[in-house]
Amino acid sequence: MKKENFLWNAVKTGLLGGAIIIFICLVGMTEIFSKRYVIEKFVTLGQFVLLTTIVGAGFIASRRTSNLLGENRTVNNLTGGLIAGLVTGLVLALFVFIGYKVNLRAVFLNASPPLYNLLTFGKGQGNIWPLPLIGAVGGLIGAAFLLIPAMYRGPLTRASIFTFFMALFSGLFRVVMINQKGGVEKAAKYLFGQTGLTWEGTLIFFFGVLIIALLWNYRNKEVRARISRLPKRGQLTLRILLFIVILYIAIGLPTVSGPFIAQVIVTMTLFILMGLGLNITLGFAGLLDLGFVAFYAIGAYTVGLLTSYGPFGLQHIPFWLAVPIAVLVAMMAGAILGLPVLGVRGDYLAIATLGFGEIVRLLAGSDFLAKYFGGPQGVIGIQKPCIGTLAPFVRVDVPRVCNGIELGTVQGIYYIAIASALLIAFVAWRLRESRLGRAWMAIREDEDVAEALGVNLIQTKLLAYMLGAAFAGLGGAIFATLIGSIFATSMQLIVSINVVALIVVGGMGSIPGVIVGAIALIGLPELLREVSEFRYLIYGLVLIIMMLAKPEGLWPSTAAKRELHHADAENVSAESMI
Amino acid sequence: MGNILEAKNVTKRFGGLVAVNAVDFNIPEKSIVSIIGPNGAGKTTFFNCITGFGRPDEGEILFEGNPIQRLRPDQITRLGISRTYQNIRLFADMTALENILVGEHAFLHSSWISSVLGLPGVLHEEKTALAEAQRLLDFIGLRGKGDMLARNLPYGAQRRLEIARALATRPKLLLLDEPSAGMNPRESEDLTEFIHRLRDELGITILLIEHHMRVVMGISEVVTVLDYGEKIAEGTPAEIQSDPRVIEAYLGRGAATEGMATAHERFTGSKKSD
């Protein structure tokens, strides 16, 4: 009975794997990903994704077998994995077989001859027999992976993920390294191919990380103990040193990496600014705002109108003066949004704020207000920041000349963006530790009780909206000078949703979480141009997996950590009592 | 001694239902007063009227001689009325210490700008606030548990933490809504003693809602009985226990004639252990 059970389970897992593979093929991922190598001239990204699915099916089937039959059933585990992989392969083979007989293209655009060609390794219809075989072998490998002792499994996983990561971003590293001279350039050519890693690079990264991870397994306790044994002064020095190293890298990066990466980092930083802002309203005070992009737009338009020498420029004040004004205007907008929705809670608040965001976007882009905001043409000719003195202006339509350093390039804006993000992160941290931060958290937890404890709800909620809006306004202000022109169409709802998503993924209410979330959801997809077509597909998938596997976020706030810590402490004391 | 709180003719309606009907009610300063009554008698609604959660439709509530029925909850708290809840309502994901610090909110004055700048005044204020919170934590016997999340504390400790949080608002009048709910006899004895300490050591006037007759009768100086939103009796515990109207309200019409002794026994809970 039990035996049948585990076999049937393996078949089910295999069918699921097959369904996923067919899905990947039909949305066109396989084809597009096949243009890019993971290991140069050997494995393409498309093949890699399919293989990973098969190996994953084998692994899951093997784990389920363990759950059903208990541990130490090596043969059963391997059989389970083998069957799951085989079934996955068979499903894929069947798919190819049917594909050759029946034309599916009327419904599935991507079910095209090139896809079948890829899946049969270019040999046509007769060559589908390797698919089940590959499936079986892959499933077996996945199953075998579970049997490796946990001590080695962790480092192996880490090494594989790191190597894959390097392969994905190999173009990036290659460009950065080739820009250097001498040995670094040679190393780049040795490690990275045109797309993907070279064989040598793959081996070096994989075994390098593996060895480090294994060593860390043995030694981490010792190292940590040694650090915690350091006197307070020493620990502080260590932290300052770390900070200086990070700062050095941050300052040096744009000159080394070139404008593209600097641009990506600036985009990321702008999202960090918005994220830190929403983290105040949503993360601290628990007020869901789905129209957050409105404040970003208001910041951008304020700077645009105040500094542009285009047709809609009102003034020509310097960037440095325009930014604080933009922040103040955004803050006022926050209050204007906050006042009517003070008494609105939960889901209703989300909808009300959603409306606010759309209103701002539509007004800015409307013909009705086109003579102020440029309507669909947008505001163009926004001044670049200038360090030094500006020539005094004579007429509004004459651009002012900068007598000094003009931060006109992306690299220049990069420094402004990084500095602002650091400053805002510091402000957010101070706010959270303050009396106001506690009041926000109290409101998030239970509004009525907070009020009964003397927290003025009107004042506290308004401050949450205003300060959150101020941060986003700063982001928008920098965005305006970065692009040099603003259009209402770039203030879409999806921006607000991105900001909410990055906070949730990073960890609600956590400041480092915002940064991690922005890197994961904004930075990485920007760098992976090949994937851009499937960006939101993968995005959605990642969000679902995150919510199931790690709902507290990638870098949870200290409260969550404290809780874990205490749970441990309680367990220990309970054990010692027994 | 004067009255710290005077409620005159307080009426609260929810649609057609009159939850509190023309109740007159006084609390003498530094006394311990209880409100009892069957479920749905309007006790918690009356509490809500006092603390500003629901404005009375008619009538007047005077706290230290000033009308408070039009004020917001946070304003009433600042005047010196604080409360706890029937079902514990701590900030579950904040630590014990942070819960108390929120209670001190009204007495801290640093603005957000000075907090961001980290001005010396703010640092000093925070330090004092923390010391005060620590003191309250010690007072309720939770020394060293300050960093625990409120949700992880045992039930009794959560009840006490809620009282400590209410105390942090420096109340002159403390409203306790069924503080002994879910406690065993020993714990409720401790609670009785604790409430006495609040009054005797801190000089706080206490108003209780309580179902637990042993606690009510052991602690209260005055007991007020509500039924269907109306005040049906008021007096010392002894008077209340022998009042036929009260017994009728609790046990039904037949009970008053059933024989006082049995009803009395059941009512005071002298046979039951709960």
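Here are some worked exercises on a predicted model with chains A and B.

**Exercise 1. Get an overview of chain A**

Task: Find how many helices and strands chain A has, and what share of its residues is buried.

Solution:
- Step 1. Begin with the secondary structure: chain A holds 24 helices and four strands.
- Step 2. Turn to burial. Of the 578 residues in chain A, 42% are buried.
- Step 3. Add the dimensions: the C-alpha trace of chain A spans about 80 × 70 × 55 Å along its principal axes.
- Step 4. Look at the contacts with a separation of 6 or more. In chain A, 76% of these link residues 24 or more positions apart.

**Exercise 2. Classify a helix pair in chain A**

Task: Decide how helix H12 (residues 259–284) and helix H21 (residues 493–506) of chain A are oriented, and list the residues that make their contact.

Solution:
- Step 1. Take the geometry: H12(A) and H21(A) pack at an angle of about 75 degrees, and their axes are 9 Å apart.
- Step 2. Angles of 65 to 115 degrees count as roughly perpendicular, so H12(A) and H21(A) are roughly perpendicular to each other.
- Step 3. Name the residues. H12(A) contributes Phe271(A), Met274(A), Gly275(A), Leu278(A), Asn279(A), Leu282(A) and Gly283(A). From H21(A) come Asn498(A), Val499(A), Val500(A), Leu502(A) and Ile503(A).
- Step 4. Sort them by class: eight are nonpolar, four are polar and none is charged.

**Exercise 3. Describe the contact between the chains**

Task: State how many residues each chain brings to the contact, and which helices of chain B take part.

Solution:
- Step 1. Count by chain: chain B gives 31 residues and chain A gives 26 residues.
- Step 2. Locate helices on the side of chain B that touches chain A. Helix H2 (73–79), helix H3 (96–103) and helix H4 (112–117) of chain B each supply at least two residues.
- Step 3. Split this side of chain B by class: 13 residues are nonpolar, ten are polar and eight are charged.

**Exercise 4. Trace the four-stranded sheet of chain B**

Task: Work out the strand order of the antiparallel sheet of four strands, and identify its edges.

Solution:
- Step 1. Write the order: this open sheet of chain B runs E2-E1-E4-E5.
- Step 2. Find the strands that pair on one side only. These are strand E2 (17–28) and strand E5 (66–67) of chain B.
- Step 3. Check an inner pair. Strand E1 (residues 3–14) and strand E4 (residues 58–63) of chain B are antiparallel, with five bridges, and Glu6(B) has Leu62(B) as its bridge partner in E4(B).
- Step 4. Place the helix: helix H1 (residues 43–51) of chain B lies across E1, E2 and E4 of chain B, at about 65 degrees to E2(B).

**Exercise 5. Explain the setting of strand E7 in the six-stranded sheet**

Task: Say why strand E7 (residues 173–177) of chain B is largely enclosed, and which strands it pairs with.

Solution:
- Step 1. Set the scene: six strands of chain B form an open sheet of mixed pairing, in the order E6-E7-E8-E3-E9-E10.
- Step 2. Mark the edges. E6 and strand E10 (230–235) of chain B each have a single partner strand, so one side of each is left without a neighbour in the sheet.
- Step 3. Test burial. Five of the five residues of E7(B) are buried, so this strand is largely enclosed by the rest of the structure. Leu173(B), Leu175(B) and Asp177(B) lie on one side, and Leu174(B) and Leu176(B) on the other.
- Step 4. Follow the partners. Strand E6 (residues 81–83) of chain B runs parallel to E7(B) over three bridges, with Arg83(B) opposite Leu175(B). Strand E8 (residues 205–209) of chain B is joined to E7(B) in parallel by five bridges, and Leu176(B) is partnered by Leu208(B).
- Step 5. Add the connection: E7(B), helix H7 (residues 185–202) of chain B and E8(B) make a right-handed β-α-β unit.

**Exercise 6. Inspect two backbone outliers**

Task: Find where Glu64(B) and Arg170(B) are placed, and whether they are buried or partly exposed.

Solution:
- Step 1. Recall the background: most residues other than glycine have a negative phi.
- Step 2. Glu64(B) has a positive phi of about 50 degrees and sits in the loop between E4 and E5 of chain B. With 16 C-beta neighbours inside 10 Å, Glu64(B) counts as partly exposed.
- Step 3. Arg170(B) has a positive phi of about 55 degrees, and its place is the loop between helix H6 (155–167) and E7 of chain B. Arg170(B) has 18 other C-beta atoms within 10 Å and is partly exposed.

Notes. Residues numbered from 1 in each chain as written. Chains lettered and ligands numbered in written order. Predicted model: local features only at pLDDT ≥ 70, side-chain atom pairs only at ≥ 80, totals over all residues. Contact = placed C-beta atoms within 7 Å. Nonpolar A, V, L, I, M, F, W, Y, C, P; charged D, E, K, R; others polar. Buried ≥ 20, exposed ≤ 12 C-beta atoms within 10 Å, placed from the backbone. Pairing = 2+ DSSP bridges. Axes fitted to C-alpha atoms, helices over the stretch in contact; angles between N-to-C directions. Right-handed = clockwise from strand over helix to strand, strands pointing away. Parallel < 35°, antiparallel > 145°, perpendicular 65-115°, else oblique.
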